[in-house]
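Trainee: I should like to understand how the terms used for a protein model are justified. May we go through some of them together?

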Amino acid sequence: MSKQKLGINTICTHVGEIKDEQFKGAVSPIYLATSYEFDNVDVKRYPRYFNTPNQEYLAKKIAALEHTEAAMIFGSGMAAISHMFLAFLKQGDHIVVQNTLYGGTSNFIREEFHKYGIEYTFTNGYNVTDFEAAIQPNTKVIHIETPSNPLLTITDIKAVADLAKSKGIISTIDNTFASPVNQNPIDFGIDIVMHSATKYLGGHSDILAGAVASSQEHMDRIWNVSKNLGGSLSDMTVWMLERSMKTLALRVKAQNKNARKLAKFLDAHSEVSRVYYPGLKSHPEHKLAKAQMHDFGAMLSFELVEGIDAMAFMKQLELIKSSMSLAGVESTMLLPSETSHALLTQEQRDAVGISNRLIRFSVGIENFKDLKQDIEQAITATKVASLA
């Protein structure tokens, strides 16, 4: 049966598994060797070449989920995105970058690109006209992130992909927030998709990894750079990631359902001033999100009303963890100004709308009523404490 005809849960469970031909085990065996025979073999395997058995087969699962020909696994999301950029950019080249995106990516571009002589422009907005206005004669890559971190802005994937193709430019996307369960950018014409696999692909807050998926031609180019930079992943972690991805669709769909309910709850709450979630009809890009996403995801952000301190509120939470990162089965909250976007200056955060009161909420798989109750009691406790 063709992989394209398989259901997503079947792909998650079976594509990319290694058959245990010797003992007939139900799960993929782990190959921990760092040295493989080189004579009379079809593939000369070496961990830094991203082609150990576990690396090779997990890449097939990721490619199947993102509807691409090939994929690669990296040591982190930043390893994935930095290798991707450096494969397509050289001295004298220019990249157009969406202004609302993960702070680590912004920081990498601002801190490192000048060392390579790579020019860059952050867009003024995230509409296709903003990207077109930023294109220069030496532009080689356009990079987007949708939904964005942490404001959940939605960029028109097809419009940006079409613009890039019309100019002979490579288009890339960070698809971490959506996951391949909720969004497949390749279907809209994007050239290269990357993930922080630490997030939804891993899903249990115990794996650090990254992934890139694209055509075989583009992946060959990325591999040619990556084998020299050495950002590959240990096979024990690769095995854990493949194991975790078997439940990817089940986890994400449960998280989506919770997030939709919690976004509506927070949006109607008298102590919440604003909610950022593309599933809300009040979201400015709700219709666009509905057109290009299978579901609206499990990430949202919100701001409490003036007078309720965001950090004090999070300290009152009993079930929801005040924690770095996102997308685990457990619900977590954080302040982007103190974590994901702390490397940006106050001025840079203000420019993209990230206030010190903004709370990013990664919704887990717990019961909705328990999460709702925890938020309610934390708000009440914070208000009481502020009056003491």
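Mentor: Certainly. This is a predicted model. Let us begin with a group of rings: Phe-85, Phe-108, Phe-113, Tyr-120 and Phe-122 are linked into a cluster by ring pairs.

Trainee: How many aromatic pairs does a search of the whole structure find?

Mentor: The search finds nine aromatic pairs. One of them is formed by Phe-85 and Phe-113.

Trainee: What makes the pair of Phe-85 and Phe-113 edge-to-face?

Mentor: Two values decide the matter. The ring centres are 5.9 Å apart, and rings pair if their centres lie within 6.5 Å. The planes stand at 80° to each other, and an angle over 60 degrees counts as edge-to-face. The pair of Phe-85 and Phe-113 is therefore edge-to-face.

Trainee: Why is this pair said to link distant parts of the chain?

Mentor: Phe-85 belongs to helix α3 and Phe-113 to helix α4, and the two residues are 28 residues apart.

Trainee: Are Phe-85 and Phe-113 buried or exposed?

Mentor: Buried means under 20% relative accessible area. Phe-85 has 1% relative accessibility, so Phe-85 counts as buried. Phe-113 has 0%, so Phe-113 counts as buried too.

Trainee: What kind of aromatic pair do Phe-113 and Tyr-120 form?

Mentor: Phe-113 and Tyr-120 form an edge-to-face pair, with 6.4 Å from centre to centre and 70° between the planes. The distance is within the 6.5 Å limit and the angle is over 60 degrees, so the term applies.

Trainee: Why is Tyr-120 called partly exposed?

Mentor: The relative accessible area of Tyr-120 is 31%. Partly exposed lies between the buried limit of 20% and the exposed limit of 50%, so the term fits Tyr-120.

Trainee: Let us turn to the helices. Why is α3 called oblique to α4?

Mentor: Helix α3 (residues 77-88) and helix α4 (residues 103-116) pack at an angle of about 40°, with their axes 11 Å apart. Angles under 35 degrees would be roughly parallel, and 65 to 115 roughly perpendicular. An angle of about 40° falls in neither range, nor is it over 145, so α3 is oblique to α4. The crossing of α3 past α4 is right-handed.

Trainee: Which residues make the contact?

Mentor: From α3 come Met-78, Ile-81, Ser-82, Phe-85 and Leu-86, and from α4 come Gly-104, Thr-105, Phe-108, Ile-109, Phe-113 and Tyr-116. By class, this contact of α3 with α4 has eight nonpolar, three polar and no charged residues.

Trainee: What is notable in the loop between β4 and α6?

Mentor: A cis peptide bond joins Thr-146 and Pro-147, with omega about -10°, and Pro-147 is in that loop. Another cis peptide bond joins Asn-149 and Pro-150, with omega about 10°. Pro-150 is also in the loop between β4 and α6.

Trainee: What sets Leu-152 apart, although it is not a glycine?

Mentor: Leu-152 has a positive phi of about 55°. Most residues other than glycine have a negative phi. Leu-152 lies in the loop between β4 and α6, and its 1% relative accessibility is under 20%, so Leu-152 counts as buried.

Notes
Residues are numbered from 1 along each chain as its sequence is written. This is a predicted model: local features need pLDDT of at least 70, side-chain atom pairs count only at pLDDT 80 or more; totals for chains, interfaces and linings use all residues. Side-chain values use heavy atoms; hydrogens and water are left out. Axes are lines fitted to C-alpha atoms, for helices over the stretch in contact, and angles run from 0 to 180 degrees between N-to-C directions. Helices (H or I, at least four residues) and strands (E, at least two) are DSSP runs, numbered from the N terminus. A crossing is left-handed if the near helix is turned anticlockwise from the far one by less than a right angle, and right-handed if clockwise. Contact means heavy atoms within 4.5 Å. Ala, Val, Leu, Ile, Met, Phe, Trp, Tyr, Cys and Pro count as nonpolar, Asp, Glu, Lys and Arg as charged, and the others, Gly among them, as polar. Rings of Phe, Tyr and Trp (its six-membered ring) pair if their centres lie within 6.5 Å; planes under 30 degrees apart count as stacked, over 60 as edge-to-face and the rest as tilted. Buried means under 20% relative accessible area, exposed over 50%, partly exposed in between (1.4 Å probe, protein chains only).
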